[in-house]
Amino acid sequence: MKDAYVVPENGEPVSLTEDGHFSVPDNPIIPFIEGDGTGPDIWKATQPVLDAAVKKAYGGKRSIKWMEIFAGEKAFKMFEEWLPEQTLDTISKYHIAIKGPLTTPVGGGFRSLNVTIRQKLNLYACVRPVQYFDGVPSPVVRPQDVDMIVFRENTEDVYSGVEWPAGSHEATKLIDFLNREFDCTIRLDSGVGIKPISVTATKQIVRKAIQYAIDQNKKTVTMVHKGNIMKFTEGAFRDWGYQLAREEFADVIVTEKDLWEQHQGQLPEGKILLNDRIADAMFQQVLIRPKEYEVLVMPNLNGDYMSDALVAQVGGLGLGPGANIGDVAAVFEATHGTAPKYAGQDKVNPGSLILSGVMMLDYMGWQEASELVIKGLQKAISNKTVTYDLERQMEGATKLKCSEFGQAIINNM
Ligand code: NAP
């Protein structure tokens, strides 16, 4: 199996510094998983775009050395394993990787490969920026007002998989115990799931969000929770978030209470406002007052809903990038699935994976290259040269294949 994982020549690994930052050489080895279904189509369009941007930005001084690693159907065909240990080891070793979507085989209690990768590598922050590209069809009147980034906790909440079906031995025993010992009144024919939210995971994700706001000169961080109902999980998320801000970021953070009591509603220069919103109200806020929000941080389930809803406001999943980031590795990935009915047709929009590549370049500190990709993408869209998903909603647009859209981005850099 080892032979299939070919380490590229002339490349160097990204390394982790003692203070927990990634140090990126000029010729970093970056592992990639092309993915299932339409994954190979969008990867074939994405890699040339990223290479062209790096070449144009640095004139050959820098270049990415791509290393294919395997997961999903391709891995199963080659090794009869859906997620070989060597893939996880390679990501850990090289720290930064990019991937297309992976099929989750249905039935047999199969765990999603994406969830497994996130949990095994402790990629605790799911990061999804949401920005509007001029000319993209959107269901809202002012999509350009949306410029937010979601930090979604990635490892716990109702996603931790601690749940049992109604009537199972475990569910029956647990319900009986809760009803007897804690005076609960849970119906005996219920399925049960556990929603753990820890201080550790909450502080990890809120710290990442606040640090991002500091690094990127953002003015507002908003914790989104349902603490009015779930006091000791979602409510605690909010309380621990404020506690972390007091403990570690007291010099930069101003809370909403302080803003009005001490600063007459005016955020002092160089400070960041930390506020919180109840999740249901927040879904209205992002539609009605999107300009007031920049960095959003929330538990897993809220983050799942909120990031898709926000991406819809700016024109849909085809242009929604994402990353799963931990302390020792970061995996950048398209946020849509494998769209298997279009596999091999060179048809779908590669924008999500390309923009995930943009996030990766930013993360590597290669902003000159990432800006070129954004410029090329914006121009391709402004020229109305787009893939089928956007073309069918735009008047007078030219429909391009997946690979042609990648080429249009390169031509417009
Ligand atoms: P999906 O693959 O995202 O496809 C649903 C629909 O979204 C497609 O039919 C298409 O809509 C649109 N779409 C998806 N990707 C697109 C692209 N690149 N460009 C333009 N339109 C795109 O969702 P699914 O059918 O529910 O899931 C299929 C498989 O993907 C499942 O095995 C699931 O487990 C997996 N999945 C993987 C990930 C991941 O790896 N991160 C995430 C989600 C799902 P139209 O037909 O209307 O054009």
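Which residues are linked with Asp26 in a network of salt bridges? In this predicted model, the partners are Lys61 and Arg62. The network takes its place in a wider set, as a search of the whole structure finds 21 salt bridges.

Lys74 takes part in two of the pairs described here. With Glu34, the Lys74 side chain forms a salt bridge with an N to O distance of 3.1 Å. This contact links distant parts of the chain. Lys74 sits in helix α2, residues 72-79. Glu34 lies in the loop between β3 (29-33) and α1 (39-58). The two residues are 40 residues apart. Their surroundings were also assessed. Lys74 has a relative accessible area of 30%, so it is partly exposed. Glu34 has a relative accessibility of 17% and therefore counts as buried, since the cut-off for burial is under 20%.

The side chain of Lys74 also meets that of Glu68 in a salt bridge, at 2.9 Å from N to O. Glu68 is partly exposed, at 22% relative accessible area. Lys74 thus meets one buried carboxylate residue, Glu34, and one partly exposed one, Glu68.

A further salt bridge joins Asp145 to Arg142. The closest N and O atoms of this pair are 3.0 Å apart. Asp145 is buried, with a relative accessible area of 14%. Arg142 is partly exposed, at 45%.

Helix α10 was examined next. The helix covers residues 300-313 and has 14 residues. At 1.5 Å a residue, α10 should span 20 Å. Its end C-alpha atoms are 20 Å apart, so expectation and model agree.

Burial along α10 was then mapped. The buried residues are Asn300, Asn302, Gly303, Met306, Ser307, Leu310, Val311 and Gln313. Seen down the axis of α10, these residues fall within an arc of 145°, and therefore line one face of the helix. An α-helix has 3.6 residues a turn, so residues three or four places apart point the same way.

Both strands and helices contribute to the cover over the buried residues of α10. Among the covering strands are β6 (125-131), β7 (147-153), β10 (220-225) and β13 (295-298). The covering helices include α7 (231-248) and α9 (279-288). After α10 comes Gly315, whose phi is positive, near 120°.

Methods
Residues numbered from 1 in each chain as written. Predicted model: local features only at pLDDT ≥ 70, side-chain atom pairs only at ≥ 80, totals over all residues. Heavy atoms only, no water. Salt bridge = Lys/Arg side-chain N within 4 Å of Asp/Glu carboxyl O. Helix = DSSP H or I, 4+ residues; strand = E, 2+ residues; numbered from the N terminus. Buried < 20%, exposed > 50% of the residue type's maximum accessible area, 1.4 Å probe, protein only. Expected span 1.5 Å × (residues − 1). Arc of directions from axis to C-beta. Contact = heavy atoms within 4.5 Å.
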